[in-house]
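Let's take a walk through this structure together, one part at a time. Keep the view open beside the text and follow along as each part comes up.

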Amino acid sequence: MMAALQELRTAGTMQLRGLQVRCVRGGREVFSGLDFAIAGGEALAVTGRNGSGKTSLLRLIAGLLAPGGGSIAIEGGDAELTLPEQAHYLGHRDAQKPALSVMENLAFWRDFLGGESADAGECLDRVGLSHAVDLPAAYLSAGQRRRLSLARLLALRRPVWLLDEPTTALDAAGQTMFTGLMRDHLAGGGLIVAATHGPLGIAARELQIGAAS
Amino acid sequence: MWRDIRIALRVGGGALIGVLFFLTVVVLMPFAVGPDLALLTRLGPAILWLGALLASLLTLDRLFMADLEDGSLDLILTSRTPLELTCAAKALAHWIAAGLPLVIATPVLGLLLNLDMVATGAVALTLLAGTPALTFTGMIGAALAVTLHRGGLLLAVLVLPLAIPVLIFGVAASQAAITGPMTFGAPFSILCALSLVSFVVGPFAAAASLRHGLD
């Protein structure tokens with residue numbers, strides 16, 4: 001009880017904030033003047049039509065794109081680490097080597113990305129992949145690959161989850177499972193920023209990109 | 001870091017392609033030049049070096065491109081492992097998977113080019129000292145090519161000028177050991193120096209290129 005309270009308190013001070021964020025890609029302005037702020041335990045659903053810059057926003061937060069203006073900062077996290085180092089980025093591509101087994105893929109990213117880690121087998125169990133531990137990733141279906149990516153979020157504790165269309169290719173049971181994972185993450189004081197077209201299944205604030213134009 | 005090497009080894013069908021290419025070039029050369037043994041001996045080191053250079057260019061293309069395509073590069077950039085270290089590990093893995101087999105194949109191929117034991121040993125030694133330089137400078141080109149979304153052609157254009165000094169001193173050292181008026185030591189030390197410089201410059205340049213160029 002005390003530990004949980006402690007965790008909530010430290011998490012409560014955590015805040016991800018973007019001020020007047022502007023994104024330019026290929027000389028063309030995608031969006032500008034975007035403001036957002038979420039605190040620990042909150043989720044932000046980023047919506048907008050195709051090409052409005054949802055993925056770009058996530059990549060900006062993950063430090064994979066240089067902002068064309070404005071600032072994105074995290075407060076109250078580990079001061080030693082940059083924002084990208086505290087974030088999990090789950091993109092369209094699953095970052096799995098087809099020649100390595102499911103377990104090797106997961107264990108590699110867990111050890112390579114660095115941080116407080118959990119038991120890989122347990123994580124695979126939670127996403128429903130425990131039967132395929134030794135299978136080469138090449139044989140996984142699209143939905144199973146997505147589940148393996150989700151296992152990465154669990155294998156390594158990082159407070160910020162940046163999810164790009166996270167439920168793509170997941171079946172109904174998978175989506176329910178994923179909703180549970182997100183709830184747990186928020187309850188532990190984590191932050192979620194998700195680009196999505198459908199409902200996330202959790203309470204989330206909405207940020208609509210390109211609404212004005 | 002050793003996992004990175006293992007991934008490169010396991011996934012690296014590219015390594016075999018490099019060695020096969022090396023083999024093909026060197027095996028075909030005696031047929032093209034003709035049955036003049038003295039000429040073959042004289043050309044031998046140059047042929048081996050050219051083969052190794054082109055073989056490593058062929059495989060360098062995949063160094064970052066494969067990671068870009070499957071999204072691994074995104075995760076590498078958000079890692080707590082310093083990017084420079086990752087680049088160095090990747091280059092090392094690439095060299096072990098693609099460069100070292102070239103060195104090992106050299107003695108066998110030396111036979112085909114009418115090189116005696118000393119000459120083959122000299123070429124293998126220069127390749128051992130020189131191919132890391134090819135890999136580490138090539139990595140800069142590979143990183144640039146990835147960030148500019150262009151393929152292997154750009155890589156070749158970028159890397160070749162950097163590889164020319166390595167080629168010059170590599171062949172010079174081998175020739176010196178076989179025939180030359182010069183001593184083996186001088187060009188060989190410069191070759192080693194080139195490799196050492198590339199160890200230092202390569203990872204930092206590649207990491208800087210990846211960090212600033214991504215879009």
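A helix is said here to touch a strand when residues are in contact, that is, when their C-beta atoms, placed from the backbone, lie within 7 Å. What you are looking at is a predicted model.

With that in mind, start at helix α2 of chain A, residues 54-61. Helix α2(A) lies across four strands of chain A, namely β3 (43-47), β5, β6 and β7, and runs at about 150 degrees to β7(A). Those strands belong to an open sheet of 5 strands in chain A, paired in parallel, whose order is β5-β6-β7-β3-β8. At its edges you will find β5 (87-90) and β8 (205-208) of chain A, each pairing on one side only. On average, neighbouring strands of the sheet are turned by 15 degrees against each other, direction ignored.

Now look at one pair inside the sheet. Strand β6(A), residues 160-164, and strand β7(A), residues 191-195, are joined in the parallel sense by 5 bridges. If you pick out L162(A), its bridge partner in β7(A) is V193(A). Helix α6 of chain A (residues 172-187) also packs on the sheet, where it touches β3, β6 and β7 of chain A. The direction of α6(A) makes about 140 degrees with that of β7(A).

Next to visit is the partner of α6(A). How do α5(A) and α6(A) lie relative to each other? The axes of α5(A), residues 142-155, and α6(A) come within 12 Å and cross at roughly 10 degrees. Angles under 35 degrees count as roughly parallel, so α5(A) and α6(A) are roughly parallel to each other. From α5(A), the contact draws on G143(A), R147(A), L150(A) and L154(A), and from α6(A) on G174(A), F178(A) and L181(A). By class, these residues are 4 nonpolar, 2 polar and 1 charged.

Which residues touch the most other members of the largest nonpolar core? They are A151(A), L162(A) and I192(A), in a core of 123 residues. The largest share of this core, 16 residues, comes from helix α7 of chain B (residues 117-147). Beyond its neighbours within four places in sequence, A151(A) is in contact with L106(A), C123(A), L124(A), V127(A) and L129(A).

Finally, turn to where the chains meet. Here 24 residues of chain A are in contact with 16 residues of chain B. On the chain A side, β5(A) and α3(A), residues 102-113, are the elements that give two or more residues, and α3(A) gives the most, with 5. That side has 13 nonpolar, 5 polar and 6 charged residues.

Note on methods. Residues are numbered from 1 along each chain as its sequence is written. Chains are lettered from A and ligands numbered from 1 in the order in which they are written. This is a predicted model: local features need pLDDT of at least 70, side-chain atom pairs count only at pLDDT 80 or more; totals for chains, interfaces and linings use all residues. Two strands pair if DSSP finds at least two bridges between them. Axes are lines fitted to C-alpha atoms, for helices over the stretch in contact, and angles run from 0 to 180 degrees between N-to-C directions. Two residues are in contact if their C-beta atoms, placed from the backbone, lie within 7 Å. A nonpolar core is a set of buried Ala, Val, Leu, Ile, Met, Phe, Trp, Tyr and Cys residues joined through C-beta atoms within 7 Å. A residue is buried if 20 or more other C-beta atoms lie within 10 Å of its own, exposed if 12 or fewer, and partly exposed in between; C-beta atoms are placed from the backbone. Angles under 35 degrees count as roughly parallel, over 145 as roughly antiparallel, 65 to 115 as roughly perpendicular and the rest as oblique. Ala, Val, Leu, Ile, Met, Phe, Trp, Tyr, Cys and Pro count as nonpolar, Asp, Glu, Lys and Arg as charged, and the others, Gly among them, as polar.
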